[in-house]
Every structure is written in structure tokens, then in C-alpha cells.
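The following exercises ask you to read strand order, helix packing and backbone geometry from a set of coordinates. Work through each task with the model open, and then compare your reasoning with the solution beneath it.

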Amino acid sequence: MALDVTSSVVPLDSSSETINVFWHEGMLEHDTGKGVFDSGIDPGFLDVLEKHPENEDRIKNMLSILKRGPIAPLISWHSGRLATISELLLFHTQEYINELLETDKSGAKEICHGTFLNSGSWDAALLAAGTAILAMKHILDRKGKFSYALVRPPGHHAQPSRADGYCFINNAGLAVKLALNSGCEKVAVIDIDVHYGNGTAEGFYNSDRVLTISLHMNHGSWGPSHPQNGTVDELGEGNGLGYNLNIPLPNGTGDKGYGYAMTELVVPAIENFKPDMVVLVIGQDSSAFDPNGRQCLTMDGYREIGRSVRALGEKHCNGRVLIVQEGGYHVTYSAYCLHATLEGVLNVPAPLLSDPIAYYPEDDSFSANVIDAIKNYHLDNVPFMRKA
Ligand SMILES: [Zn+2]
């Protein structure tokens, strides 16, 4: 059953706020190839091989829905740029960057499972990093409250000295570093990609100035490139103890479960932390139809998360929110869920676009129990949450 997706387009008030979207078409040049899913390998059993899930089509649709969807009048477009090597060193080690430069010179290589640095990939990675930095700078320069960095390759698995999970450079991590170096005292990162934002967590694991919160499926470590487990006991170290909050959620958590996790876990943590900048790291691979995840969010769920993060930004950060694109591999639904998320951030009074495919019977009782257990764990083990 398909809904009439054109009937729900709501006319917009011209006095509405805008989101500044930062983008550069050079990021489409990162060619991840074909194979069985993300393997890059064709054993010869299939007549029709799909592209690698992290392909340019997903981003082309995100771009087009923001240009031609009903949110289009609320978008202000800005061109991205390449990051410099010295900017990369804000988050990454010199040795690691040298390795990437050497790999780029020597030709195509699979750096770790599913993570291909091919011809054109390095410039795309530099553009993703520079574009995220520029999106943050726009906010820091007080040119706008909301920036969205529409970037690929994604970044949140990239650790200071390691590539992982389709990521080379941690785009959001670089933006956070810029904020810290530009007068922000404390930054909160809320990562709703279906995978653990292990790279960002690792980069700030010893810091009490960056609160990293990740809501993800309970996938654990997936190999040498991803040694972290994403479990609740990975809380940070030293000064950073308690400033990495992992929220591993059961498969099928859905809109209600995510709403409960936001209300019970994310909002109280941000209230106690009192950041002066919020970064929302988004991946639509937590949707109901993603090939890489089973969390079953729909457009409604993403819209509510956007609304909730906007409210946190208004309360603590003069409304300032940077949004950075990560995963999201269903070529159609990722674009629609992005549209819904940005509707939420803009707090539009009614949905601008109806959901073309959502149907998932939710049972939120299991997720609610898990979230209650995580809440109790935080209250027992996270010093800054105990003060509440
Ligand atoms: Zn992901």
C-alpha cells in the first residue's frame, strides 16, 4: 500500500527559520564499487550485484529531497571546501594521516572491511572534513543557528589513528575540536546512527569537555578496526570518566523506544552537562528499512528526535545545533528520514511530508526495560549524573 505523498505538502510560512546546508559535489567522486553487499567481492552467484551500500546514490537523493521537497524554502545552501592537513591533525595522528596519504598515492586499497580508499576517495574525504568544519564555523561566527553538513564518506567510526566502518576522517570530531578551540567550553555530541560512534568516543575518551552520547544497536566489536564494544560500561577514562554514555538498544526499538531513550537518558544527561554547543550526528541506518540496521525508526521518530535536540539547543546553547551526516543506506527512505529530521529541528508545526513506506508494528516494552536498566546504571556509575 502506498500513500499519496504529494497530498500532505503543507505550505510554509515565509518567516520561518532556515537550516544552512553545507555540501560539495566532489564528495560524489568517492567510488566504493560493487560486490556482495559491502565486501567488494563477487563470488559469482548473483546476476544483479548492488552497489556498495555507502554509495553516491544515497547522497544524491538526500541532496535532491532538500532541493525539491517541501522543506526546500527553509534551506540555505553553502559550498563546502577541502580540509587542510593541519586541520586533520586536530583529531588524528600525523602517523595515521601519513598512512592515508601514502595509500592514496599507491592506488586503490581496502583499508579494513568494506572501507575502500579508491581513486577520488581521498579528495572526497578532505571535502567531507572541510565541509563539516565550515558548517561549524558558520555557527561559531554567529551567521546562523542551524548548520547541516551533508557529507560522505562518513566519519564517526574513524578513530584518531584508525579507519573503520566506511570512515577515514572523523568529520564531526574535527568540528567539535574547532568549537573547543573557538571559545566553546563544553560540547555535547548526540549520535543516532545505528552503529556505535566509536571513533568520536575514542577521540574524546579522556575529556570532560565533550559529552559523547551514542544510541546504537548492540553490535559489539566487529573486528580489529573496531575494538570498542559500545556497551554501557565504556564510560570514558581519567577526566573523561562518565562523559561517554553508550545506549545500546535492542533490535526493533522503534519510534517509541527512541523517544523513551531521549527522554529518560539523553535529555537528563544534557541537562546536567550544560553544553554550549550541541552536535547531532545522524545516520538514517536506524530506520525501519535499512540494510545495515534493525532499529525500525520511521520518519515520525526522526522528526521527534530533531525536535528534542532543537529544544536542548535552545535551552543550553542559544539554539545552536550542528548536524553532521553519517550512515543511512536505503536509497529512498534515508532521504525521507533526513527530511523529517530537519523538519523536527526547524520545529515545523505539522509534518511537511508524509511517510511513503512506514509500516512496522511496534512493541516497545522490551526496549523500555533495557532503557530503564541503562538509566539505573548511569545513576550508579556516572558521577555527574548522580548530582541530579
Ligand atoms: Zn551507521
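**Exercise 1. Describe how helix 7 packs against helix 10, giving the handedness, the angle and the residues of the contact.**

Solution. In this predicted model, helix 7 passes helix 10 in a right-handed crossing. The next step is the geometry of the axes: those of helix 7 (residues 254–273) and helix 10 (residues 365–381) come within 10 Å and cross at roughly 15 degrees. Because angles under 35 degrees count as roughly parallel, helix 7 is to be called roughly parallel to helix 10. Turning to the residues, helix 7 contributes G257, Y260, A261, E264 and L265, while helix 10 contributes S367, A368, I371, I374, K375 and H378. Sorted by class, this contact has six nonpolar, three polar and two charged residues.

**Exercise 2. Apply the analysis to helix 1 and helix 9, and decide which term describes the angle between them.**

Solution. The axes of helix 1 (residues 56–68) and helix 9 (residues 333–345) come within 8 Å, and their crossing angle is roughly 40 degrees. That angle makes helix 1 oblique to helix 9, and the crossing of these two helices is right-handed. On the side of helix 1 the contact involves R58, N61, M62 and I65, and on the side of helix 9 it involves S334, A335, Y336, L338 and H339. These residues divide into five nonpolar, three polar and one charged.

**Exercise 3. Establish the strand order of the eight-stranded sheet, and identify its edge strands.**

Solution. Begin with the individual pairings around strand 9 (residues 277–282). Strand 6 (residues 187–191) runs parallel to strand 9 and is joined to it by five bridges, with D191 standing opposite V281. Strand 9 also pairs in the parallel sense with strand 10 (residues 321–325), again over five bridges, and here V279 stands opposite L322. Moving outward from strand 6, there is a parallel pairing with strand 7 (residues 210–217) over five bridges, in which A188 is opposite L211. Taken as a whole, the eight strands form an open sheet in the order 2-1-5-10-9-6-7-8, and the pairing is parallel. Strand 2 (75–79) and strand 8 (244–249) are the edge strands, each of which pairs on one side only. Direction ignored, neighbouring strands of this sheet are turned by 15 degrees against each other on average.

**Exercise 4. Determine how strand 9 is covered, and which helices lie on the strands beside it.**

Solution. Strand 9 is mostly covered, since six of its six residues are buried. The side chains can be sorted by direction: M277, V279 and V281 point one way, whereas V278, L280 and I282 point the other way, and all are buried. Helix 8 (residues 299–316) packs on the sheet and touches strand 6, strand 9 and strand 10, with a direction that makes about 165 degrees with that of strand 9. Helix 7, for its part, lies across strand 6, strand 7 and strand 8, and runs at about 170 degrees to strand 7.

**Exercise 5. Locate the residues with a positive phi, C296 and N347, and state whether each is buried or partly exposed.**

Solution. C296 has a positive phi of about 70 degrees although it is not a glycine, and its place is in the loop between strand 9 and helix 8. C296 counts as buried because it has 23 C-beta neighbours inside 10 Å. N347, likewise not a glycine, has a positive phi of about 55 degrees and lies in the loop between helix 9 and helix 10. With 14 other C-beta atoms within 10 Å, N347 is partly exposed.

**Exercise 6. Characterise the peptide bond from R152 to P153 and the surroundings of N239.**

Solution. The peptide bond from R152 to P153 is cis, with omega near -5 degrees, and P153 is placed in the loop between strand 5 (146–149) and helix 5 (171–181). N239 lies in the loop between strand 7 and strand 8, and it counts as exposed because it has 12 C-beta neighbours inside 10 Å. Leaving aside residues up to four places away in sequence, N239 touches N206, S207 and D208. The C-alpha atoms of N239 and K186 are separated by 13 Å, and these residues are 53 residues apart along the chain.

Key:
Residues are numbered from 1 along each chain as its sequence is written. This is a predicted model: local features need pLDDT of at least 70, side-chain atom pairs count only at pLDDT 80 or more; totals for chains, interfaces and linings use all residues. Axes are lines fitted to C-alpha atoms, for helices over the stretch in contact, and angles run from 0 to 180 degrees between N-to-C directions. Helices (H or I, at least four residues) and strands (E, at least two) are DSSP runs, numbered from the N terminus. Angles under 35 degrees count as roughly parallel, over 145 as roughly antiparallel, 65 to 115 as roughly perpendicular and the rest as oblique. A crossing is left-handed if the near helix is turned anticlockwise from the far one by less than a right angle, and right-handed if clockwise. Two residues are in contact if their C-beta atoms, placed from the backbone, lie within 7 Å. Ala, Val, Leu, Ile, Met, Phe, Trp, Tyr, Cys and Pro count as nonpolar, Asp, Glu, Lys and Arg as charged, and the others, Gly among them, as polar. A residue is buried if 20 or more other C-beta atoms lie within 10 Å of its own, exposed if 12 or fewer, and partly exposed in between; C-beta atoms are placed from the backbone. Two strands pair if DSSP finds at least two bridges between them.
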